[in-house]
Every structure is written in structure tokens, then in C-alpha cells.
Amino acid sequence: MAVIKVRNTGEVIEGKENVAAFLNNQGVLYERWDASKLPAHLQNKFVLTDEEKAHILATFQTEIEDLAKRRGYKTWDVVALCEQTPNLEELLKKFEQVHTHTEDEVRAIVAGHGIFVIKGDEQTGYFDVELEAGDVISVPEGNPHFFTLMDDRQVVAVRLFIDPSGWVAHPYVEKEGE
């Protein structure tokens, strides 16, 4: 279950309803999928073959198609990151810079953990959303954020796109007074 940590106040928000309400107020979609649907042999596997990625997509096909229909997503894939991922440090450095996109950034965590750092409204400021298997999040287009791994440094996520080129990261620079 996702946990939110508001950076400027230290507030911690837990529980599905509380997390969903907080994120909804920030314009961020949050929902849960049943991660236990993932076959046992894939639940803690972070180096995946193309066939295993296809199996993950097939396992969550109903949920993916439902979300895609509601939000206009047209394509999806699976990303898996762990210590064995080639160039992991370079990828994380790229991920860990605040940026925006010209479309939503959507991740459905199916195994492992990750953190989205998101810029909230003026009063809230930045907050961390710690995600685990079953958590689904959609950061709206134009909203400053970045994604990184938790201490275990392993995650498998389904990503949904309107157009994958829309996920090109555009660096975000804080303006005076933000």
C-alpha cells in the first residue's frame, strides 16, 4: 500500500482511502490492482525475458485495458529495474532529476518498490509517494516529478502511454518563490 511523506511538514499519509484522497486533491490518479494475480514465479523476479514481460501484460490485461479506456492510453510495456540492470546508475541519475512530460506518466507496480517524488500545489510542496506491488499511479502531464528506487533497488512496473514519445523528460527548473 502506498505511503505519502510530505517533505515540508513531515506529514505521513497512509491507508488506501487517505492516500487516494490526498493524491486526487493533487490531480494525481491512484488506484490498486490485485498484485497477487501475478504468478508466484514472477512475484520476486526482476530480470525478465520478453516472454515473462508478455505474461505480466497478459495477467493484468483486464486492468490495463480498463485504465487505457478510461484515460486514453494506447500502448503499454513492462519495465524491470534491479542491480543486474545494465547501466542502472546512469538510468537512476536520469530518473532522479525533476522533469515534466507532455503526457501522463503512468506506472502500475507489479513487483518490488519505487518512489515518485511529485511537486504538489503551492501549500503542499514536494511529497514522496512510496509505491509497492499493486499500487497504480498517474502523474499528470506537465506536473514536475521524478521516479527512483527504494533501498532494495528492484521494481517491475507496467507503463501506459498515449504516445511513448510523450514520455520524453523535459527538465524542470524551480522559479523564484516556488
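Which residue stands opposite Ile109 in β10? The exercises below work towards this and related points.

The model is predicted; local features need pLDDT of at least 70, side-chain atom pairs count only at pLDDT 80 or more, and totals for chains, interfaces and linings use all residues. Residues are numbered from 1 along each chain as its sequence is written, and side-chain values use heavy atoms, with hydrogens and water left out.

**Exercise 1. Find the partners of β6 (105-119).**

Step 1. Helices (H or I, at least four residues) and strands (E, at least two) are DSSP runs, numbered from the N terminus. Two strands pair if DSSP finds at least two bridges between them.

Step 2. Strand β10 (residues 155-161) is joined to β6 by six bridges, and the two run antiparallel. Here Ile109 stands opposite Ala157, which settles the opening question.

Step 3. Strand β8 (residues 135-139) pairs with β6 in the antiparallel sense over four bridges; Val136 of β8 is the bridge partner of Ala108.

Step 4. Four bridges join β6 to strand β9 (residues 145-148), again antiparallel, with Phe116 opposite Phe147.

Step 5. With β7 there are seven antiparallel bridges, and Ile118 stands opposite Phe127. β6 and β7 form a hairpin with six residues between them, and Gly125 in the turn has a positive phi of about 70°.

**Exercise 2. State how β6 is enclosed.**

Buried means under 20% relative accessible area, exposed over 50%, partly exposed in between (1.4 Å probe, protein chains only). In β6, 14 of the 15 residues are buried, so the strand is largely enclosed by the rest of the structure.

**Exercise 3. Describe the surroundings of Thr124.**

Step 1. Thr124 lies in the loop between β6 and β7 (126-132). Thr124 is buried, at a relative accessible area of 12%.

Step 2. The side chains of Thr124 and Asp121 make a polar contact of 2.7 Å. A polar contact is a pair of N or O atoms within 3.5 Å; within protein, one must be able to donate a hydrogen and the other to accept it, and residues adjacent in sequence count only if both atoms are side-chain atoms.

Step 3. Apart from neighbours within four places in sequence, Thr124 is in contact (heavy atoms within 4.5 Å) with Val6, Asn8, Phe22 and Gln26.

**Exercise 4. Separate the sides of helix α3 (residues 61-71).**

Step 1. Glu63, Ile64, Leu67 and Ala68 are buried. Seen down the axis of α3, the buried residues fall within an arc of 130° (taken from the directions from the helix axis to the C-beta atoms), so they line one face of the helix.

Step 2. Thr62 and Lys69, on the other side of α3, are exposed.
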